[in-house]
Each structure stands twice: as structure tokens, then as C-alpha cells.
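I am opening these notes to look up charged side-chain pairs and how exposed their partners are.

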Amino acid sequence: MTVFDFDKMDDYVQQQSEGFNFFKLQDDGWMAKVRFMYGPGEGIPGFSVHNVSHDQKKPKHINCLREAGQPLEVCPLCNSGNPTKVQFYLTLYVLSMTKCINGRLQAEEPVNQVMIFQRGTTFRAVIGSVLRQSQGRPLVNNVFNLVRSGKKGDVSSTYTAELVGNDNTTLDMLPERPEILGSYILPKVDYNDMLKYVGTNMSTPQDIVPRTVTNNMNNNSYQAPIKPTGIPF
């Protein structure tokens, strides 16, 4: 296992970024057939994170130390006023992608890769729709068509998830699911690590949210912060 100093994370990300494939529907009308890689009893977790980057165009997230209901003092960044926001790192098995150019759908292109789709709380409606359409089945059993509505660069772009069909596919039949928490995407940090970032990225105050947001597969309920936040599309 590669070990690196927390302050050297940017260098490590630059060297190792090929380890994850990131999913993106680039323009209006683009769509992809996907499986959400979550098995029986699993929901789609969300994480309460702090952005510790000084560059607004290149966020660098670390996981908040606070559990729900804990005082601000548990997390140095919460205690110093650094805002939190919820991020979803959805693991998808992307079967295919279809581009839409000048309003016309192109030929469906096979992909067959595991990809990470990073979204903010504005994506919670899509997650809720996926859960409802799954009707209690494990998410991995279902194939969905994810469709983008919104031009490239439009921060108000939205997504819809349309159920295509279901089968008996299990996680064991797909490539290994990567672990996000503890990776360079979302490194685990301790109290002393966070002290190095006190005072960073405090220009946009917002409500503090719980550390973890989880969907309950058993009753298809969805818990999320009341005040939505998001990331650029």
C-alpha cells in the first residue's frame, strides 16, 4: 500500500489519478445505461465534507469528523466556521453511452467500465427516483438510463433516471467496487490533519450538515439535508 504525507496529497493525486474513471455526461441529451453498484441491504451513502482548497475551481474535499448530533468542537474545521456540504460518490457500472449532437442521438457506444459519479445534494431527487423504481430490489439488479438535461457548462443542468429493466446480476459478477473513503478522492484525516487547514475556504458560509447521509434500501426512504447544495455540472 502506498503511504504518503497528507500535505503531499496533490502530488499523489496527479500521479495516481488513473486509478479511478470518472463518469460524465458532457452535454444536453447525452445518456448512459448504468447499474448502481450496491447490493442487498445497501443504500447510496453521502458524505459531509469540507473543501480545503484555496482554488474555487479545484475543490479538495476531506471528510468531516463530526457524527450527527456531536458538538462543533469535535471537528476543527466545523469549529472554525469552515462550511460543510454533502457529496455523493456514486459507483456505477456503465454499460454504454449515447451522445446527442445537434439534437440527434448518435449510435450507442459500449463502455463496460466501473466509474465514479460525483454529485452534490441536488442529485438527491434522482437517487430517490432510483430507489422508488427499484421497488425493493438490490440496486445492482437494475439497469437505468441516466439522461442529462442542460447544455455543457450549465450549472442548472438536471438528470433523470429511467428504469430500463432488471435481472439477477450481482456485485460478484461485476469488477471490484472501489473504496472512496480513504482514497485520494476523499482521504481519511484525523484531528491533527485538520488543524493544518483551519481558516481555509471560508468565503461561503452555509448550514452545518450531518457527517453521513444514507438511503435505506428496506423502506426506500431517503434522508438528506433540508438545504440543498451542489457542485458545478
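**Salt bridges and burial**

R35 counts as buried, because its relative accessibility is 7% and the cut-off for buried is under 20%. I note that the model is a predicted one.

Next I looked up the partner of R35. Its side chain meets that of D167 in a salt bridge, at 2.7 Å from N to O. I placed the two residues along the chain: R35 lies in strand β1, D167 in the loop between β9 (158-166) and α4 (191-195), and 132 residues separate them, so I log this as a link between distant parts of the chain. D167 counts as partly exposed, at 31% relative accessibility.

I then counted the pairs. The total comes to four salt bridges, and I describe the one above along with two others, K33 with E108 and K196 with D193.

For K33 and E108, I read 3.4 Å between the closest N and O atoms. This pair too links distant parts of the chain: K33 is in strand β1 (residues 31-36), E108 is in the loop between β6 (104-105) and β7 (109-119), and they are 75 residues apart. How exposed is K33? K33 is partly exposed, with 27% relative accessibility. E108 is also partly exposed, at 44%.

For K196 and D193, I read an N to O distance of 4.0 Å in the salt bridge between their side chains. Is D193 buried or exposed? I enter D193 as buried, because its relative accessibility is 16% and buried means under 20%. K196 is partly exposed, with a relative accessible area of 44%.

Definitions and conventions: Residues numbered from 1 in each chain as written. Predicted model: local features only at pLDDT ≥ 70, side-chain atom pairs only at ≥ 80, totals over all residues. Heavy atoms only, no water. Helix = DSSP H or I, 4+ residues; strand = E, 2+ residues; numbered from the N terminus. Buried < 20%, exposed > 50% of the residue type's maximum accessible area, 1.4 Å probe, protein only.
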